Amino acid sequence: MTALPQENQGIKKNLAYAFSAQGVALLSSILMSLIVPKILAVEEYAYWQSFLLYAGYSGCLLVGINDGLYLRIGGQRYGDLDHAGIKAQMVLVLILEFFFSALLIAFALLARLSAQFCLIAAALSIYTIVVNLANYLSYVFQAVNLTQIFSKAAIITKASFFIMIVAALVLGAGDYRVIVAFYIVSQCFSTVYLLYSGRQILQARFSFSGKNRDVLHATKIDIGAGMKIMISYYAGTFIIGFGRMLIEPNWDLATFGYYSFAVSLVSFVISFAGQVSMVLFPHIKRASKEAQKENFVKIRSILALFLPIAYVLYFPCCIFCEFWLPQYSQSLIYLGLLFPICIFDCRMSMLCVPYFKALRKESKLLIANVVAMCVSVVLSFFSVFLFHNLVLLAVSMLSGIVTRNLISEFNLARSFGLNLFPHSIRELLLAICFIFVVMIDGGWSYVFGSIALVVYYFFECFSLKKTREKGGM
């Protein structure tokens, strides 16, 4: 069977396509994050963010099957795959998602949730089926280096939702239920595209007997291998998610909306980094040990130079938000405290995660995420129930993200015989300086922050020069 054209592209073309495609999706997402709160009242926006918060955990209901499949077929060619076996497993996934969705609706009714949250639960049950089918197929294409298909699917979702949101703005539809419906429909468009792209899989004949009788055994293996990565991923998202879940019951719906607005702006940057991670994985896995070490040094050096630029972008972002959404001005202090997450989480997604997967160190990734989650959960618990302080809650989330990044990078650096300690100290100090500038918010604090950034780049460039001379970090 002939491979699809995209399958033969090199890492440079795939990276360029991923950056451009996900860049468009990121831009669309940022625009949507600014339009939706413009359309909805603060309380309506809070309901919308509640849906998004729990929708973000819908992937848990795949129980690691997609991650296990990703590891099992990663690096293979699309034409060499067992299409019938993948179709059989996809049917099992659909059965599983219908079962979990029915349980979710039953729980909402038995728990006697409010009408609004029962409606959110019903929407989540539909969304779970649609998005997890798309997730399964996406992992198949990404594992075999057909990243263009995944990137196009992401653009379809973002672009179609953006068009519908603009229509809602023009028509003055200020109901969160309309936005939720648009969100689900846009995901349906993406799922249909992925099904069409995977038509060779859909056309394959299968049965749960004969050649494909081992699908249950293969699924069991995939769950065993993928469960670690799934727990690792969602433990990572729980670093921020746990704190958000505590806000609404301990403050109010409006406060949850303000806080979620800040988190949403940070999350779009993080999601962009995650897509680049998927592009890097097949190439890292195929590389030799020496090439893996060399690429690790190169990728981290590039990130160390370009990611801190985000600190500068924070200030024009605040000015624009105050102009466009003055009712969310109190969100900006939370945005400033959470903003360093962009730097540390992007480095985690674009460097550590693909290397952990390629080197089959899922247990190390699991440990890093669980330890970081525990740090965040404990600090968040004290921030909410002891101090009742939202600023401390934001710092708790950031502390968990930084902990995860440091544990992961030091683990990988040790395996390659590298020393990252000086680099990590510089990055931590720069983050602390940025938070200081945000909290003080005075003219002289901006001067201090500018000096800190210049000093950081001076030492970083000097260190990189020495690295090139020595041939390693």
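**View 1. The largest nonpolar core of this predicted model, centred on its best-connected residues.** This core brings together 132 residues, and the ones with the most contacts inside it are Trp48, Phe51, Tyr259, Leu338 and Tyr355. Helix α10 (residues 253-286) supplies the largest share of the core, with 14 residues.

**View 2. Tyr259 and its surroundings.** Let us stay with one of the core residues just named. Leaving aside residues up to four places away in sequence, Tyr259 touches Ile247, Tyr334, Leu338, Leu390, Leu393, Ala394 and Met397. Among these partners, Leu338 also belongs to the residues with the most contacts inside the core.

**View 3. A nonpolar patch on the surface.** Here Val378, Phe381, Phe382, Phe385, Leu386, Phe387 and Leu392 come together, with about 690 Å² of accessible area between them. Helix α15 (residues 362-385) gives the largest share, four residues. Leu392 sits in helix α16 (residues 390-416) and counts as partly exposed, because its relative accessible area is 33%.

**View 4. Two loop residues with positive phi.** Arg112, in the loop between α4 (83-110) and α5 (115-143), has phi near 55°. Asn145, in the loop between α5 and α6 (147-171), has phi near 70°. Neither residue is a glycine. Arg112 is exposed, at a relative accessible area of 75%, whereas Asn145 is buried, at 1%.

**View 5. Confidence along the chain.** Mean pLDDT for the protein chain is 87, and 90% of its residues reach 70 or more. Confidence is highest in helix α7 (residues 176-197), at a mean of 96, and lowest in helix α1 (residues 11-39), at 71. Where pLDDT is low, please do not read the predicted coordinates in detail.

Methods: Residues numbered from 1 in each chain as written. Predicted model: local features only at pLDDT ≥ 70, side-chain atom pairs only at ≥ 80, totals over all residues. Heavy atoms only, no water. Patch = residues over 30% accessible without salt bridge, like charges linked within 9 Å, V, L, I, M, F, W, Y side chains within 5 Å. Areas by Shrake-Rupley, 256 points an atom, 1.4 Å probe, with all protein chains shown as cover. Salt bridge = Lys/Arg side-chain N within 4 Å of Asp/Glu carboxyl O. Helix = DSSP H or I, 4+ residues; strand = E, 2+ residues; numbered from the N terminus. Buried < 20%, exposed > 50% of the residue type's maximum accessible area, 1.4 Å probe, protein only. pLDDT = per-residue confidence, 0-100. Core = buried A, V, L, I, M, F, W, Y, C linked by side-chain atoms within 4.5 Å. Contact = heavy atoms within 4.5 Å.
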